[in-house]
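Student: Please take a close look at one spot in the backbone, and then work outward from that spot to the rest of the assembly. I would like one connected account rather than a list.

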Amino acid sequence: MARAAVSGGLNRRLTWHAARLAEVVEETPSARTLVFDVPDWPGHLPGQHVDVRLTAEDGYSTQRSYSIATPADGTRVALTVQRVDDGEVSPYLTETLVPGDVIELRGPVGGWFVWRAADPAPVLLIAGGSGIVPLMAMIRARREAGSRALFRLIYSVRTPEDRFYADELRTRARDDMGLDVGYVYTRQAPEGWPAAPRRLSVADVNNGGWPPDFQPSCFVCGPTAFVETVADILVALGHDPRRVKTERFGPTGS
Amino acid sequence: MGGIVSPGFRGRRGAEGGGVKLPPGQYLTEDFPVLTAGPTPRVPTDTWEFVVVTEAGEKHRWSWAELMALPSEQPTVDLHCVTKWSKLGTSWQGVSLDVLLDGVDTAADYVMVHSYGGYTTNLPFEDLRNGQAWIAYKFDGEDLHPEHGGPARLLVPHLYLWKSAKWVRGLRLTDEDEPGFWESAGYHDYGDPWREQRYQGD
Ligand SMILES: Cc1cc2nc3c(=O)[nH]c(=O)nc-3n(C[C@H](O)[C@H](O)[C@H](O)COP(=O)(O)OP(=O)(O)OC[C@H]3O[C@@H](n4cnc5c(N)ncnc54)[C@H](O)[C@@H]3O)c2cc1C
């Protein structure tokens, strides 16, 4: 965790921006991508997130963090939000908000969990559930920058229908040279899938990842317990902890 | 700009803390979320040590056994994380920094906290004194779990939780303020939750 390596355009005042919902893409039955137009957006790096603020008519206000799903693209900021059934904010974002509505967001935030296109090191991405979002921004940024860094994604999801970006990942795995995509299904695997549903294991990380001596940059993102397990596996396999960057989507800890 | 109203958003009544006053922008959680930039270091207590280095280069060391032999306190405190959750009434056991710093000859104004795993965070020295900070090693009566910073973490509850460095290994006392890990990534230098000092410039 060297100090010098940290910085993601954060060394300036972060202000709240008005963000107008421009477009909605249904990703799964319970998640959607919200594309906002933020006229004064300063740009961001893949892996960074925003803080979203909602305010009720009576003045009550609350905030949550959401990763940005796409690399910088002018005034566009795309988030993919998974509905948490008893949640306060995600049901509003996934069900109530309609194009034309305005919310507030602030960012970009987080200068550590970022991938830089100039970095030639191999990259291992390990996602659990909605943890795919910032990793997808990296995959998209890689293509956009014409980077040839070797990328491997291991994506753990409950069922095939819970996959975000399924079609795009299929095409990219075919067309983006040097990108591998592997899935682990935890509840229900697709028809004909060679493995029974199970939690991600040491063998998955070993087989679908990079050997530690390749010195890959590892990015692990998902629910807390998932990230905790995967980061421990990586370290046990011999990866340098300083090359293992994690983002925990909280909130359940132990 | 502030408070664009979202039509139809009502929030969760009582989510602000059921009458309890929380710092601005915070919501209450019963969980104990974990937020860390990397893997969880696992530090055995037989090699653990805590080292204070003064601005003159003088070193003070405590082994685990020495820390355990010091008088401890059992503070019950509220925690406020910059990621917006607050957890109230958490109970800890640890050694007050007043005990550890007693007998340390220093006129330093700042502290850089160092952790196993490489994490750092900076604070004004006075924020660690006068009953405001502990080296905590028990949470809820149990040994502190590695995920939450065990075997020992700094506990400075009046600042955002990233200042309460997990897996703490020592303090470097300095005359000049220097940014730590998150502070160099744009987080606020001081981090007072009641003034909502999340990011630089707040
Ligand atoms: C840096 C960062 C980036 C994030 N990026 C994304 C993202 O790209 N997409 C996304 O969908 N979410 C993301 N999250 C999670 C997001 O911030 C919220 O926690 C989530 O949307 C739930 O908020 P809520 O208000 O609906 O639920 P809350 O009202 O906060 O919680 C309601 C209940 O759901 C549980 N719960 C809360 N969050 C989750 C969760 N994530 N998984 C399972 N149970 C939960 C709580 O324990 C509680 O019981 C990110 C979090 C962080 C810290």
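Tutor: B:P151 is a good place to begin, and its place is in the loop of chain B between strand 9 (142-143) and strand 10 (153-155). In this predicted model, the peptide bond that leads from B:G150 into B:P151 is cis, with omega near 15°. As background, most peptide bonds are trans, and most residues other than glycine have a negative phi. A second cis peptide bond runs from A:G107 to A:P108, where omega is near 0°. There the proline belongs to a strand, since A:P108 is found in strand 6 (residues 102-109) of chain A. Chain B offers another backbone detail in B:N130, which is not a glycine and yet has a positive phi of about 60°. B:N130 is found in the loop that joins strand 7 (120-124) to strand 8 (134-139) of chain B.

As for confidence, chain B averages a pLDDT of 91, and 96% of its residues score at least 70. Chain A averages a pLDDT of 91 too, with 93% of its residues scoring at least 70. Residues 1-7 of chain A, however, have a pLDDT below 50, although this stretch has 23 contacts in the model beyond near neighbours in sequence. For the model as a whole, the scores are ipTM 0.72 and pTM 0.84.

From the backbone of the two chains we can turn to the contact between them, which takes 49 residues from chain B and 49 residues from chain A. The area buried between chain B and chain A is about 4,300 Å², with 52% of it coming from carbon and sulfur atoms. On the chain B side, the residues that lose the most area to chain A are B:F9, B:P39 and B:Y199, and together they account for 16% of what that side buries. Across this interface there are three salt bridges, and one salt bridge of the model joins the side chains of B:K84 and A:D51 at 3.0 Å, N to O. Twelve residue pairs are in polar contact between chain B and chain A. Helix 3 (residues 181-184) of chain B gives the largest share of the side that touches chain A, namely three residues. By class, that side of chain B has 20 nonpolar, 18 polar and eleven charged residues.

The ligand brings the two chains together in another way: residues from chains A and B surround the ligand, and therefore the site is shared between chains. Of the 24 residues around the ligand, the ones that come nearest are A:S65, A:Y66, A:Q82, A:V89 and A:S90. An N or O atom in the side chain of A:S90 is 2.5 Å from an oxygen atom of the ligand, while a polar side-chain atom of A:Y66 lies 2.6 Å from a ligand oxygen atom. A:E88 takes part through its backbone, where an N or O atom lies 2.9 Å from an oxygen atom of the ligand.

Over all chains, the structure holds 24 salt bridges, among them the one in which the side chains of A:E168 and A:R140 meet at 2.6 Å, N to O. Because A:E168 lies in helix 3 (residues 166-175) of chain A and A:R140 in helix 2 (residues 132-145) of chain A, this pair ties together parts that are 28 residues apart in sequence.

Terms used
Residues are numbered from 1 along each chain as its sequence is written. Chains are lettered from A and ligands numbered from 1 in the order in which they are written. This is a predicted model: local features need pLDDT of at least 70, side-chain atom pairs count only at pLDDT 80 or more; totals for chains, interfaces and linings use all residues. Side-chain values use heavy atoms; hydrogens and water are left out. Contact means heavy atoms within 4.5 Å. Buried area is the accessible area (1.4 Å probe) that two parts lose on being put together, summed over both. A salt bridge is a side-chain nitrogen of Lys or Arg within 4 Å of a carboxyl oxygen of Asp or Glu. A polar contact is a pair of N or O atoms within 3.5 Å; within protein, one must be able to donate a hydrogen and the other to accept it, and residues adjacent in sequence count only if both atoms are side-chain atoms. Helices (H or I, at least four residues) and strands (E, at least two) are DSSP runs, numbered from the N terminus. Ala, Val, Leu, Ile, Met, Phe, Trp, Tyr, Cys and Pro count as nonpolar, Asp, Glu, Lys and Arg as charged, and the others, Gly among them, as polar. pLDDT is the predictor's confidence in each residue, from 0 to 100. A residue is near a molecule or strand if one of its heavy atoms lies within 4 Å of it.
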